[in-house]
Amino acid sequence: MRYMTAQSAKAAATALAAEPGLARVLAGGTDLLVQMKAGNLAVDLVVDIKKIPGIRDITAEAGGFRIGAAVANAELREHAPVCALWPGVAEASCLIGSTQIQGRCTMAGNLCNGSPAGDAVPALVAAGAMVRIESPDGVRDVAVEDIPVGPGKTTLKKGEIVTSIFLPARPARSADAYLRFIPRTEMDIAVASAAVSLTLDAAGKITAARVALGAVAPKVVLVHAAAKAIIGTTLDDAALAALAKACEAACNPIDDKRGTIAFRTSTAGVLARRAAQIAYTRGQETSKAGGAI
Amino acid sequence: MVKVKLWGSLRHWTDGQSVVEVEAKTFKDLLDRLCETYPGLAPQIRRGVSMSLDGVIYREAWFQEIRPDSEVVLMPFMQGG
Amino acid sequence: MKSLHISTTINGDPVEFICDPDEPLLDVLRNRLGLTGAKEGCGTGDCGACSVTLDGRLVCACLVLGAEAQGAEISTIEGMALGDHLHPLQRAFIDGAALQCGICTPGILIAAKALLEKNASPSDEEVRYWLAGNLCRCTGYDKIIAAVQVAAAEMRSA
Amino acid sequence: MALDQPKREFRYVGTRPNRPDGVDKVTGRAQYGADMTAPGMLTGAILRSPHPHAKIVSIDTSAAAAIPGVRAVITGADFARPDDNFLRDVQENCMAREKVLYDGHAVAAVAATSAAIAKAALKAIKVTYQALPHVTDVDAAMKPGAPVVQAGRALENVPGGMSDNVTNACEFGHGDLDAGFAKADLVIDRSFKTAATHQGYIEPHACLASVTADGKADLWCCTQGHFFVRTLCSAIMGMEASQLRVTPSEIGGGFGGKTTVFIEPVALALSKMAGRPVKIVMARDEVFRATGPTVSSSMDVRIGMTKDGRITAGEANLRYSGGAFPCGTVDMGAQAAFAAYDLAAVRTYGWNALTNRPKEAAYRAPGAPQAIYAVESVVDELCQKLGLDPLMVRLKNAAKKGTLSSYGPTFNEIGLEATLQAAKAHPHYTAPLGKNQGRGLSCGFWFNFGGNTCVSLNINTDGTVGVTEGNPDIGGSRASISLMAAEELGIPYENIRTIVADTNSLGFNDVTDGSRVTFAVGLATIKAARDAIGKMKARAAKFWGIDEEAVNWVDGAAVPAGPNAGKFPPLSLAEIAAVSPQTGGPIAGHYEVNVDGAGVSFGVHLVDVEVDPETGFTKVLRYTVFQDAGKAVHPDYVEGQMQGGAVQGIGWALNEEYIYGADGRLQNPGFLDYRIPVASDLPKIDTVILEIPNPGHPYGVRGVGETPIVPPLAAIANAVSRAAGVRLTELPMSPPRILAALKG
């Protein structure tokens, strides 16, 4: 195996594209090193992107924030404006692994890992986040939900690297929330998860919503029917029940050591309901506080 | 004579008796007499048995004296973690 | 596999070493530098016994490549006491019997120190969540949480 | 053994001084198994079977041996086959011969100049397997026609006509069951299952072996018992015990799992072949796949009770599997199952069946947690259905002095009633509960042992004392032993240093197990101190020119026994020690004994939980442990045992399990999916120590280490069942299982 430190995104992408063997990007390394240790990956080239200028920065952009691909989640958690604007994304990112893992892991890595159970991904999908991808050919922006394909698989092509994730601006009275189910209180992979992002009008009616589920299908799913079930409502009991039902219907999970099909399906509905309530309350609070930041 | 209480699965080799009487002054005597009188008990005794003597468990103490009125109970050899 | 030559700083001391490109920092510390205070309990970031700080961030040394130490500042348990003067956390752990076998102790001390540097007055719950990545199988965590609080109080009043 | 009235007034025992190994352990200086190195050391690595059950057709190691840097390659054929069944099982578990018996079973090993080369060499070993049908479930293994793991291993106590996998059977109890059940107003008959769990010590097994050309060997390893390691390794390697010196490292947890060998004979064999020191350190997945989990179990329990809460009869059928090798743990479970009760009619039957799982290793009170979980669950359900207070029912039926125990003997002084009374009086028992919350209670029991023990106590000329003992310190025992020496000698704790010596320095010491160390090593230390005191008194007598009998030992000094003995100022230990060269030479005390008289120990645990009715998630809200310690020598470490044991039990109850796929492979060999409790899962674990002296120890000490893991399984199960409104009968009570039960 060779290890290289890239000084620019272009250099990283070029090296990755040129490598005839198996090449991997190293950002936080919290998945990559585990897989290497397990002998699952015989990697020929590791490209460390952390030295690329700007890739560890969080920058304000068009009312939203651009999060560099190598920003560790612990750094994200300490960035108050991001946490205020997208609390659900922040809380999802902060759930990945332990404090030690937080010091290294990145949202971009969580996404590129391709796991349907990655905590950051449902929240990013619900947020409508955009991913910036660079390759020797140039730069393109893609919606987060278009990156994962299935377990361990993404639409990223050889020589393409994610350089940042963009969290957009949002209207007043908007908020998001993320919940996952794990058997312990920490240190587990999500058995099921749900992210809800929504916007309220002055009367407390939901005017826009996005609902995404994790660990209940081969990839994170954006559940349009679930959003539809709550848009136009004040999140009353009927809306919540319809939301849970729509989420259950969108599940296509597996039975494995972490959970059963029945458990995952039922829990996804419960979590979506609870996340929606949290997001709704947050939306009302931002309204009281005088709108979004 | 000492009355020795056996655990259930040993009854198979003592004609169904759960209490047997042997002449023994020590733990070693007891084991020897049991093996002689009930040869079917020998494999278990070779693997190891403990003896409860008036409520105190002895694991290997051959020379432990037994009084005729003592409560003597045979138990499997104790192991722990 | 071509070895790499790395220059780094460990516990304030300049250190140079060679390592394989795929060699975890933990192996470098333990096998090449004789710093065996960081322990390998799992090698996969699940137990926290190899906790060190890298440029001030708490990390698992098993999930960092030795190569990444180039130009970085690393702190390990061996650097926690100043000479024969134990850190308040170290003293609190001894005084409060916060260890039994002690294999998780170096990692927990490093993690707790990182916590108290960020939050001088954590609640018990905050300590428990911060340390969730540091497995201890002996103590049931009770005396560990108490010892961290004792040290925190002492450090606040210092 | 003379049973003196235990001492009850103490000066040092019962205080909480700092442990002697504390600074080493908080500064990273303490050396554990993997921290040892030797000049010219090679790295050993082990190839493990991916099959749960297969015939080894051939092993071709030639390609591996040809790799530059590879210095030794061995397989099962490199070990002589021991005649003794027990030894043969230990050896075959370290390295397979004709068959592999579980996923992870070792088949070959290499020693190489680097870890990377060793890894490459393992890949180059070609093993041809012929897969065989496998069985991992205990009930399936007991069915006629099940795949046979090993044939011909049944003991003489197994009735004919059972599956070849059944290796032993046992029966305990007394009284007329039918008559007892006939007297009951309610009889409940339930079946239970418990998963195999792992001890989960954070330190993987590690050892460093050095065999020289003249046949001498040194072995450094993390173990609970280096003398037993020497016994096993010297027998397996065909060495004389005197030629093999075993030195224990600091040990990073064991809980029973480090009472045998896994890698030590392999390292010795590799070192012998390579002519260089060889270190083997297990990876975490190897620890899970190839070292000791507990038995898995399937159990039926039937108990009858009258309307006023008297238990009229109890019966249990226990089916345990200790993995691929015969295992007697079910004997212990069958004896312990009903130990907390005073019963007129009780019967327990036990069976052990072979399965394609790793060989069981002891884990804190082996066999007891499972059986007592089942019994205590049924008792709780009877209380619920009869509308009775579960604590009052336990008190009403509690075993006490004079009770004919369920396993045969009549109890002496035991602390169960006092422990239950303490629980009853505690505010926890009457604290209000909220919605979806439940309170669980369970009793627990363990026998505790003594065993072979040898201690030396050296009086230094400066008046300090070195205690040399032979049991690895797994949770602060060096501090407790120093305290007992201080108490007996009458000198400060700080003047004593206790060390754990290698196998050449002392006579045989049994393993650190059976909650024996503070009890047995403490007893031997007290007696060794008395031996030294006798010698110091003799020196004083000579100094004063009086009879030895006329000298007493008071507060760390020799004093004349009375006015008739003469009028001399006291001679302190330091004063006697200072002139010891002039008065006859060094002074040391010794004691060697196979200790009996360990007092049994009872505990009662109380727990409150809240169950999320929508997800089945259980949160432990409050936990209190009540336990009889006889005498708490160092209360911090007694509390630590109680808290640590309780939390291991909580893990067992809620989330820990060995999960096997249909392919017979272990699916969760790591801390990610083998879920031991993390700090944020838990509330504070409160402890109440009772001290009902054990007449078998000079200070009344009882072992405390094992009992605390026994009650949590049922305590949590009872709390969850009450919170959820549905009885859970399978461990772990993972959220999917609870949710499924809630949904009926």
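The side chains of R302(D) and E315(D) meet in a salt bridge, with N and O 3.1 Å apart, where a salt bridge is a side-chain nitrogen of Lys or Arg within 4 Å of a carboxyl oxygen of Asp or Glu. This pair links distant parts of the chain, with R302(D) in strand β13 (residues 296-305) of chain D and E315(D) in strand β14 (residues 311-321) of chain D, 13 residues apart; helices (H or I, at least four residues) and strands (E, at least two) are DSSP runs, numbered from the N terminus. R302(D) is partly exposed, with a relative accessible area of 25%, whereas E315(D) is buried at 15%; buried means under 20% relative accessible area, exposed over 50%, and partly exposed in between, with a 1.4 Å probe and protein chains only.

The model is a predicted one, in which local features need pLDDT of at least 70 and side-chain atom pairs count only at pLDDT 80 or more, while totals for chains, interfaces and linings use all residues. Residues are numbered from 1 along each chain as its sequence is written, chains are lettered from A and ligands numbered from 1 in the order in which they are written, and side-chain values use heavy atoms, with hydrogens and water left out.

Over all chains, the structure holds 79 salt bridges. Another of them joins R16(D) to E639(D), the closest N and O atoms being 3.0 Å apart. R16(D) lies in the segment before α1 of chain D and E639(D) in helix α18 of chain D, so the pair ties together parts that are 623 residues apart in sequence. Here R16(D) is partly exposed, with a relative accessible area of 41%, and E639(D) is buried, with a relative accessible area of 13%.

A further salt bridge, 2.7 Å from N to O, is that of D673(D) with R258(A). The pair crosses between chains, from D673(D) in the loop between α18 and β26 of chain D to R258(A) in the loop between α10 and α11 (261-288) of chain A. D673(D) is buried, with a relative accessible area of 8%.

Helix α10 (residues 237-250) of chain A has 14 residues and reaches 20 Å from its first C-alpha to its last, close to the 20 Å expected at 1.5 Å a residue, the expected span being 1.5 Å times one less than the number of residues. Its buried residues are A239(A), L240(A), L243(A), A244(A), A246(A) and C247(A). Seen down the axis of α10(A), these buried residues fall within an arc of 165°, so they line one face of the helix; the arc is that of the directions from the helix axis to the C-beta atoms. On the other side of α10(A), D237(A), A238(A), K245(A) and A249(A) are exposed.

Helix α13 (residues 416-425) of chain D can be read in a similar manner, with L416(D), T419(D), L420(D), A422(D) and A423(D) buried. Seen down the axis of α13(D), its buried residues fall within an arc of 155°, so they line one face of the helix. Among the elements that cover these buried residues are α12 (390-397), β16 (437-446) and β24 (601-611) of chain D, where contact means heavy atoms within 4.5 Å.

Between chains, 4 pairs are in contact, and of these chains C and D share the most contacts. There, 49 residues of chain D are in contact with 38 residues of chain C, and the two chains bury about 3600 Å² between them, 57% of it on carbon and sulfur atoms; buried area is the accessible area (1.4 Å probe) that two parts lose on being put together, summed over both. V26(D), I202(D) and A679(D) supply 19% of the area that chain D buries against chain C, more than any other three residues. The rule finds 5 salt bridges across this interface, and K39(C) forms a salt bridge with D35(D), the closest N and O atoms being 2.4 Å apart. On the side of chain D that touches chain C, the largest share, 9 residues, comes from α18(D).

Turning to chain B, 39 residues of chain D are in contact with 28 residues of chain B, and the area buried between these chains is about 2400 Å², of which carbon and sulfur atoms give 51%. The count of salt bridges between chain D and chain B is 3, and D510(D) forms a salt bridge with R59(B), the closest N and O atoms being 3.8 Å apart. No contact joins chain A and chain B, whose closest C-alpha atoms lie 27 Å apart.
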